[in-house]
Amino acid sequence: MCRNIRPLQNLAPPATAGEVHEAALQYVRKIAGTTRPSRANEEAFARAVAEVEAATARLLEELVTSAPPRDRAVEAEKARQRSLARFG
């Protein structure tokens, strides 16, 4: 999985529209193999981002879990600790 895309499900507070958009943008960039499309491909790129964003939002709304929501601050601290262990 792309390291830039973060899990968005079951967080407290829930994922924002901006986070969903950023995840969709990262996904499309990864699949397209480019961070910026050419002028000829801008429309297709933007349409793909919008479609992935919509699908992601629907998925997050429909997922059901019995686990308690994960605290963002705790998850951020875990990520910092993993980064420290990995990169020193």
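This passage describes the salt bridges of a predicted model and the setting of one loop residue.

Four salt bridges are present in the structure. One of them joins Arg-72 to Glu-19, with 2.8 Å between the closest N and O atoms. This pair links distant parts of the chain. Arg-72 belongs to helix H3 (residues 72–87) and Glu-19 to helix H1, 53 residues apart. Arg-72 is partly exposed, at a relative accessible area of 25%. Glu-19 is likewise partly exposed, at 26%.

Within helix H2, a salt bridge brings together the side chains of Glu-43 and Arg-47, at 3.4 Å from N to O. The two residues are four apart in helix H2, about one turn. Glu-43 has a relative accessible area of 59% and is therefore exposed, the cut-off being over 50%. Arg-47, at 43% relative accessibility, is partly exposed.

Helix H3 also holds a salt bridge between Lys-78 and Glu-75. Their closest N and O atoms lie 3.5 Å apart. Three residues separate the partners in sequence position, about one turn of the helix. Lys-78 is partly exposed, with a relative accessible area of 41%. Glu-75 has 22% relative accessibility; it counts as partly exposed because buried means under 20%.

Ser-38 is placed in the loop between helix H1 (17–32) and helix H2 (42–62). Its relative accessible area is 39%, so Ser-38 is partly exposed. From Ser-38 to Ala-67 the C-alpha to C-alpha distance is 43 Å, at a sequence separation of 29 residues.

Definitions and conventions: Residues are numbered from 1 along each chain as its sequence is written. This is a predicted model: local features need pLDDT of at least 70, side-chain atom pairs count only at pLDDT 80 or more; totals for chains, interfaces and linings use all residues. Side-chain values use heavy atoms; hydrogens and water are left out. Buried means under 20% relative accessible area, exposed over 50%, partly exposed in between (1.4 Å probe, protein chains only).
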